[in-house]
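Reader: Please take one strand and walk me through its surroundings. I want its partners, its contacts and then the wider setting. Keep it brisk.

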Amino acid sequence: MALLIQAPTAEPMLPRSFRVTDRVVETADTFTLDLAPSHDGPPLPFTPGQFTMAYAHGVGEVPLSITGDPATPGILTHTIRAVGGVTKALAELQVGDVVGIRGPYGVGWPMDRTVGSDVLIVAGGIGLAPLRPAIKTVLANRDSHRSVSIVYGSRTPDDLLYQDDLHAWKSRFDANVQVTVDRDAPDWTGDVGVVTPLINRLSFEPDTTIAILCGPEIMMRVVAEDLRSRGISPLDIYVSLERNMKCAVGFCGHCQFGSAFLCKDGPVVPYATVADRLATEQL
Amino acid sequence: MNLHEIRQQNPMFSDMAESSLSFLESIAHDVLVARDETVFRVNTPADRLYIVSNGTVALRIAGPSGPPVTIQTLGEGSLVGLSWRLAPYRWQWTCQAIVDSELTTFDANEILSACEQDPQLDADLWQVVARESSRRLHNVRLQLLDVYGRE
């Protein structure tokens, strides 16, 4: 911990020290950490869709999407699914504990292009997390957009993230929010099935729509092709891709996807640029 | 919502001939179903075709024990009920409204009789049923993949 520096640095591989200020359990295996710079260090401004590299001391480093509100950069929020060694170590952190952070990195959602457009946001599973900053930004600037639609698919009702946010978004009259689950549950009274049929319920003009998608790649490809069949240009559909990010600054090549390094050329890319590769097995 | 509006909303009906659409409109009736009301029940005669004009219905199945399980919900513009088109002409699922809903309904016997006289209508309706069956098969395959559990 003593090796961590307390101020921004031009050295991209050195983490800064952040302290856990809040911890929320989202689902059985997913939790959200609010982090603040240690010792009153400067905040970490970010744009929706960017990610950081988070270092669990003595365990390792993982890329994490930033999931908080860009309007409050003093709080760095990450929603994390505990699936590997590092994320399980992060899951053990409590308020006051310290974590190393590098970043933010990458190309985020095209928020400038959403202005004046119909905005269609489609999330699957934990894919809602990287979209949350974009949703908060769009809804905070609602008058700058045409229609706003949010479609979210999850495995079961118990796996739905941000239930308070979902309730608040659904209660708005200026956004169309549709939620579905793959598996029914006894107390679930909402939709069951995949996300694509819910697109029938949305109102948007294909020529003026910007669609942003995040979720399992199979889901994103199916949704993107559905949107393309409805007349939305693949250049106006954006997806967030994940690969094995290590350096996060385009040096190591672990996250190479075709000719792109997703850590610096992505993670958000226009569907038109990756459509063929997304249909390629084992890439 | 009339069928022409549904055609605009649902690509499934986009290739249907004007004459076929007009015939369907001539025999259409609107019905209101309250939340939790059963539209049709599994293993009973499938003698109607439905389109959801407003609201949402669920396709459910139940075993001898335990509550019914919903496999799919169908919203505005969706075709409900394919079993009227193929033998044994019995519903394979139970359909229940999950919110107060409005359905447009068509007498399947009337449709099948008309299809015998009108090859265009017959072809159009096979097309609709085939497209919808293919789409649902595709969607259920995606559900079976459990993609959200593998992220």
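Author: The answer starts at one strand and works outward.

This is a predicted model, where local features need pLDDT of at least 70, side-chain atom pairs count only at pLDDT 80 or more, and totals for chains, interfaces and linings use all residues. Residues are numbered from 1 along each chain as its sequence is written, while chains are lettered from A and ligands numbered from 1 in the order in which they are written.

The strand is β9 of chain A, residues 176-181. Helices (H or I, at least four residues) and strands (E, at least two) are DSSP runs, numbered from the N terminus. N176(A) belongs to this strand. N176(A) is partly exposed because it has 19 C-beta neighbours inside 10 Å. The cut-offs are 20 or more other C-beta atoms within 10 Å for buried, 12 or fewer for exposed, and partly exposed in between, with C-beta atoms placed from the backbone.

Next come the contacts (C-beta atoms, placed from the backbone, within 7 Å). Residues up to four places away in sequence are left out. N176(A) then touches S147(A), S149(A), L202(A) and S203(A). R201(A) is 25 residues from N176(A) in sequence. In space, the C-alpha atoms of N176(A) and R201(A) are 8.7 Å apart.

Now the partners of β9(A). Two strands pair if DSSP finds at least two bridges between them. Six bridges link β8(A) and β9(A), and the two run parallel. V151(A) has Q178(A) as its bridge partner in β9(A). Two bridges connect β9(A) with β10(A), again in parallel. There, T180(A) is matched with D191(A) in β10(A).

A helix belongs to this picture too. Helix α4, residues 163-170 of chain A, forms a right-handed β-α-β unit with β8(A) and β9(A). Right-handed has a set meaning: with the strands pointing away from the viewer, the path from the first strand over the helix to the second runs clockwise.

β8(A) leads on to the nonpolar core. A core is a set of buried Ala, Val, Leu, Ile, Met, Phe, Trp, Tyr and Cys residues joined through C-beta atoms within 7 Å. The largest one has 46 residues. I121(A), V122(A), A211(A), I212(A), L213(A), V223(A) and Y238(A) touch the most other members. Elements giving two or more residues to this core include β8 (148-154), β7 (118-124), β11 (209-214) and α5 of chain A. A211(A) shows the packing in detail. Beyond four places in sequence, A211(A) touches L120(A), V122(A), L227(A), I232(A), D236(A), I237(A) and Y238(A). A second, separate core has 31 residues, among them V192(A), F13(B), I51(B) and F106(B).

β10(A) leads on to the other chain. In total, 22 residues of chain A contact 24 residues of chain B. On the chain A side, β10 (191-192) and α5 (217-229) are the elements that give two or more residues. α5(A) supplies the largest share, three residues. By class, the chain A side has nine nonpolar, seven polar and six charged residues.

Chain A also holds an antiparallel open sheet. Its six strands are ordered β4-β3-β6-β1-β2-β5. β4 (60-65) and β5 (76-81) of chain A each have a single partner strand, so one side of each lacks a neighbour in the sheet. Neighbouring strands are turned by 40° against each other on average, direction ignored. In this sheet, seven bridges join β1 (residues 16-25) to β2 (residues 30-37) of chain A. V24(A) is paired with T32(A) in β2(A).

Across in chain B, four strands make an open sheet with antiparallel pairing, in the order β2-β7-β4-β5. β2 (38-40) and β5 (69-74) of chain B are its edge strands. Its neighbouring strands are turned by 35° against each other on average, direction ignored. Two bridges tie β2(B) to β7(B), residues 94-97. T38(B) pairs with Q96(B) in β7(B). F40(B) stands opposite C95(B). On β4(B), residues 57-61, four bridges reach β7(B). R60(B) has T94(B) as its bridge partner there.

One last residue sits in a loop. C252(A) lies between β12 and β13 (256-257) of chain A. C252(A) counts as partly exposed because it has 14 C-beta neighbours inside 10 Å. Outside its four nearest places in sequence, C252(A) contacts K246(A) and C247(A). C252(A) and V194(A) are 58 residues apart in sequence and 37 Å apart in space, C-alpha to C-alpha.

Note on methods
Two residues are in contact if their C-beta atoms, placed from the backbone, lie within 7 Å. Ala, Val, Leu, Ile, Met, Phe, Trp, Tyr, Cys and Pro count as nonpolar, Asp, Glu, Lys and Arg as charged, and the others, Gly among them, as polar. Axes are lines fitted to C-alpha atoms, for helices over the stretch in contact, and angles run from 0 to 180 degrees between N-to-C directions.
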